[in-house]
Amino acid sequence: MARPPLPIPELVHSYGPHAMRVPAGGWNTIGEPDKLVKTHCCFCGQQCGIQLKVKDNKVVGLEPWEDFPFNQGKLCPKGVKRYMQNEHIDRLTTPLENAGAGAGFRPISWDAALDRTVGEIRRIQQSYGNDAFAILTGASLTNEKAYLMGKFARVAVRTANIDYNGRLCMVSAGAASKKIFGIDRSANPWSDIPKAKVVIVAGSNIAECSPITTEYLWQARENGAKLIVLDPRMTPIARTCDLFIPVRSGGDIGVFNGILHIMVKRGWIARDFIAAHTIGWAEVEKSLEKYTPEYSAKLAGVPAQMIIEAAEMWGPAPTSFLMHARGIEHHSKGVQNCMAAINLVLASGRIGREGCGYAMITGQGNGQGAREQGQKCEQLPGMRDIENPEHRKYIAGVWGVPEESIPHKGLSAVPLVEAIHAGKIKGLLLLCFNPMVSLPNQQFIGEALEKLEYFAVIDFFMSETARYADVVLPGSLMEEDEGTTTSVEGRVIHHQKAVDPPPGAREDWRIICDVAKRLGAGEKFSFSSPREIFEELRVASRGGISDYYGISWERIDQEKGVFWPCPSADHPGTPRLYENGRFAHPDGKAHFQVVEWRPAAEEPDEQYPIVLTTGRVVSQFLSGTQTRRIGALLDQYPEPRCEIHPRLAEKLGIKNDDFVTVESRRGALTVRAMVVKTIRPDTVFVPYHWPSERAANNCTIRAIDPISNIPEFKICAVRVSKAQRPTNAMAALAAEAGGIS
Ligand SMILES: Nc1nc2c(c(=O)[nH]1)N[C@H]1C(S)=C(S)[C@@H](COP(=O)(O)OP(=O)(O)OC[C@H]3O[C@@H](n4cnc5c(=O)[nH]c(N)nc54)[C@H](O)[C@@H]3O)O[C@H]1N2
Ligand SMILES: Nc1nc2c(c(=O)[nH]1)N[C@H]1C(S)=C(S)[C@@H](COP(=O)(O)OP(=O)(O)OC[C@H]3O[C@@H](n4cnc5c(=O)[nH]c(N)nc54)[C@H](O)[C@@H]3O)O[C@H]1N2
Ligand code: SF4
Ligand SMILES: [Mo]
C-alpha cells in the first residue's frame, strides 16, 4: 500500500519569537516567575543542570543552576534557548490521521487514534505473525520510558523487533567497551580530566558537540596537560591543542596501533599492570609488529613524525585520559576503531585511578541510560542479554510472564528498515526517532516507509518522518513529565516536571500504557506515574551490569545524581570504574583485542574521488526538528554548508558561498560551499541536521559495522561540482532574497 508522504515544508514560517504562543512583549518580560524548577537540559548527553522559569504553567525562561557539579551554571547556545520549544506554535496538540490521496492530516479523537493503532497491530500480527509489527524508539527518552518501551514490545505487542536510534550513535563504543572491560559505560567522572597530564581526543568536535567538556580540557591544560586531537577537520578545540593529527577519515587504527608499536619499542608498556589485570596482550603485541610509523602513517594519511610525537607525549605520561565520540565510531569498523583506542589506554596501565581514564562521549540526552534498560533488540533491562536463559528467567519473574513468552533477539535499526523495504515488516510504531533525516541513504528509507501497511508516530512536532505516518500522536517534552536520565559520566539524574503538556497532548508513557491496556496487557502496565516505572526498573536492573537497585529519586536529589552501579541503598555509587584493577568480566580481567585496519565499505575512486564526512554544528541538534524551530539558533547557523579546502575548491572552480552539488552513488545534495583551510583537501564535510534536498544522508551509505550495526556515517565516496542554483524552491527564493534558506 504505497502512501506518498506529505511534502516537507521549510521551517522558515516558524522562525522567530512570533512562532511562540507568548504575549506581546517577549519572553522574559512577563513578571516574576511563579517558580524555578531545578532540572536538566533536554538536549545532549552532558545533561547540564538548569533552572526553568515557570509562569502560568508555561516555561518562560531560565536561570543557571550553579551548584549542579557537572556544568556549574554553564550552558551552551542550545541549552540557553531550549525553553523556547515548550510553547512553540508548531506543537502537536491533537492526534492526526492521514486523510489519504494527498489531502493532508485531519484531527481525530484520542480514542479513535488508539483504537485504530491497536486494531492495526492485531490485524498485522494475525496476518503476518507477531514480528511483522516493529517498534523504533530513541535515546532522548528517560530511563523510565526506555524501560517501558522494552517491556511494551516484549509483553504487550510480543514482537522481537524493537530497536532504537542509539543504534546510530553509541553502539560501537558500547560493544568495544563490553568486549574489553565487560561493561558499557565511560570509566571515569569528568573530574578526572583536569588531573590528566596528557589527553587524547579522537573523533569528537568537543567545542561544538559537548561544549561543557571544553571547560574540563582547558582546566587540564592549565594544569600542564598536553592535548592531542585526531580529526580530519581542525575543529575549534584542535586549534588550541599541542598536537593536531589530521587523520584521514577511517584511518584512526593507523594512529592508535602506530603509537602502541612505538610504545613497545621504547619500553613504555605497563607490563606489571598487564600481567596482573589483563589477558590477550601477547597476541596484540605480535599483531603490532607491522604497524611501523611508516605503515601506520600511510593508513592514517598523515606524516609518520606525527605518530612518533603522539607516542612520545602519551607513552611515558604519568597520568592520561582518552576520549572519543562518533568520529571514530560511525564506521563499518567502528568497534575495531574503539577497541584500538582502548588497547592504547590499557597498555599504558593508566585506568581506574585518579587522573587516569577513558570515556566515550555519549551523544543523545539519555545516550547512556537509554541503552541499558532493554529497548535494544538484543537486550533485557540491566544490560542483560536476551539470549541468556538466566537473564530471561530473572526478567520474566519481574514481569510476571512465562520465560518462553519473551521474544528472542530481533533486528537492529538498519536491518529493521531493510526488512520493511523487503515487505517482511508491515507495521511500525515509532517514538523519538526521525529516520527521514537521520538514517543513511534517504531515498531508500522513504521507499521503505511508504510500504508500511500501518505506521504510527508519537512526537511533539510534525517531524519529516511523521509526514509518512497514518496516525500521529502528540507526545510530551522533557519538562512536561518527570523521570531520570543517565549522563555522559554515568550519573543518574532527575528531570523534574516544570509544566503540563499543552491541552490535547499527553505524556509519552501514558500513551504507551494506554495502547498496552487496549492490547489486553493492562495489568502489566498499570503504572500511574514515572516514579512507579522507576521502582520496577530498579528491581529489573538488580544484579545486572547496570544495577540501579540502590538508587532512589530522593537520593538523586540529595546527592545531585548517583553513579551506577549502585546495588544497595547504602552503596555510595560508582563514579570511577575499575578501581583496584578489577574489570567487569567474570575473571576480573580486561580482555585485550587484536585490531587490524580494514578499508571503509566505499573508499574514493576515480568516479567518486572525494571523501564525504558528516556530523554536527553547535547550534543545531540531531535531525533538527527541535532546533530548526528556534529562531535564535537558526540565526547562528541557518543552512547546511559544505566545508571544502581552498586547494580542492580551486581545482573544482568553486568559490566561497557558491552552491555546490555533492553526489554519491546513492543520491545528491545541493548547499553552499564554505571554503576553509581547516579541512583535509581530500575531504568535504556537510552537517546532517537538514532534510530533503539538503540532507547529508542522501549521499551516505547503508553499510553497517558487523558487530554493533552502526551505520558508516563518517565516510563515503562523492564527487563535488559547482551548481547553478538549489533545486529546493524555498531555498532558491530565500537565496535570491539574500536571507535564510
Ligand atoms: N551541537 C550539537 N551537539 C550535539 C549534537 C548535535 O546534533 N548538535 N548531537 C549529540 C549527539 S547525539 C552526538 S552522537 C554527539 C556527537 O558528537 P561528535 O562525535 O563530537 O560530533 P560529530 O560532528 O558527529 O563528529 C565529530 C568529529 O568527527 C570527525 N571525523 C569524521 N571522520 C573521522 C574519522 O574517521 N576519524 C576521526 N578521528 N574523526 C573523524 C568530524 O570531522 C567531526 O569533527 O554530539 C551530541 N551533541
Ligand atoms: N549523516 C549523518 N547522519 C547521522 C549522524 C551523523 O553524524 N551523520 N548522527 C547519527 C546520530 S549520532 C544520531 S544520535 C541520530 C539521531 O537521529 P534521530 O534520532 O532521528 O534524531 P532526533 O532529532 O533525536 O529525532 C528524534 C525525534 O523524536 C522527537 N523527540 C525527541 N525527544 C522526544 C521525546 O521525549 N518524546 C517524543 N515523543 N518525541 C521526542 C523529536 O522531535 C524528533 O522528531 O542521527 C544519526 N544520523
Ligand atoms: S552542552 Fe548539551 S546538555 Fe549542556 S546546555 Fe548544551 S545541549 Fe544542553
Ligand atoms: Mo548521537
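**Ligand shell and pockets in a predicted model**

Let me start with the second largest pocket, whose lining residues divide into 7 nonpolar, 2 polar and 3 charged. I should say at once that what we have here is a predicted model. The volume of this second largest pocket is about 280 Å³, and the residues that line it include Lys178, Gly182 and Ile183, together with a run of names from further along the sequence, among them Leu577, Tyr578, Glu579, Arg582 and Phe583. Ile545 is also part of that lining, as are Ala584, His585 and Pro586.

Lys178 brings us to the largest pocket, since this residue is also listed among those closest to the centre there, along with Ala175, Lys376, Glu378 and Ile707, out of 24 lining residues. The space in the largest pocket comes to about 510 Å³. Two elements give two or more residues to its lining, namely helix H4, which spans 171-180, and strand E15, which spans 384-385, and of the elements it is H4 that gives the most, with 5 residues. By class, the lining of the largest pocket holds 10 charged residues, 8 nonpolar and 6 polar.

Now to ligand 1. Which residues come closest to it? Of the 34 residues that surround ligand 1, the closest are Asp231, Asp252, Arg616, Gln620 and Leu622. Sorted by class, this shell is made up of 14 polar, 12 nonpolar and 8 charged residues.

As for where the shell comes from, domain 2, assigned to 171-360, and domain 3, assigned to 610-736, each contribute at least three residues. At the level of secondary structure, helix H5 (206-209), helix H12 (326-329) and strand E23 (610-615) each supply at least two residues, and H12 gives the most, with 3.

Turning to individual polar contacts, I would point to three. Aspartate 231, already named among the closest residues, places a polar side-chain atom 2.7 Å from an oxygen atom of ligand 1. On the nitrogen side, a nitrogen atom of ligand 1 lies 3.1 Å from an N or O atom in the side chain of serine 249, whereas at valine 617 the partner is a polar backbone atom, 2.9 Å from a nitrogen atom of the ligand. Taken alone, ligand 1 would expose 910 Å², and the protein buries 99% of that area.

Key:
Residues numbered from 1 in each chain as written. Chains lettered and ligands numbered in written order. Predicted model: local features only at pLDDT ≥ 70, side-chain atom pairs only at ≥ 80, totals over all residues. Heavy atoms only, no water. Near = heavy atom within 4 Å. Polar contact = N/O pair within 3.5 Å; in protein donor to acceptor, adjacent residues only side chain to side chain. Areas by Shrake-Rupley, 256 points an atom, 1.4 Å probe, with all protein chains shown as cover. Helix = DSSP H or I, 4+ residues; strand = E, 2+ residues; numbered from the N terminus. Nonpolar A, V, L, I, M, F, W, Y, C, P; charged D, E, K, R; others polar. Domains from an automatic or database assignment. 1 Å grid on protein atoms, 1.4 Å probe; cavity = no way out; pocket = protein on both sides within 12 Å on 5 of 7 lines; lining within 4 Å. Points joined across faces, edges and corners; volume = space filled by probe spheres on them.
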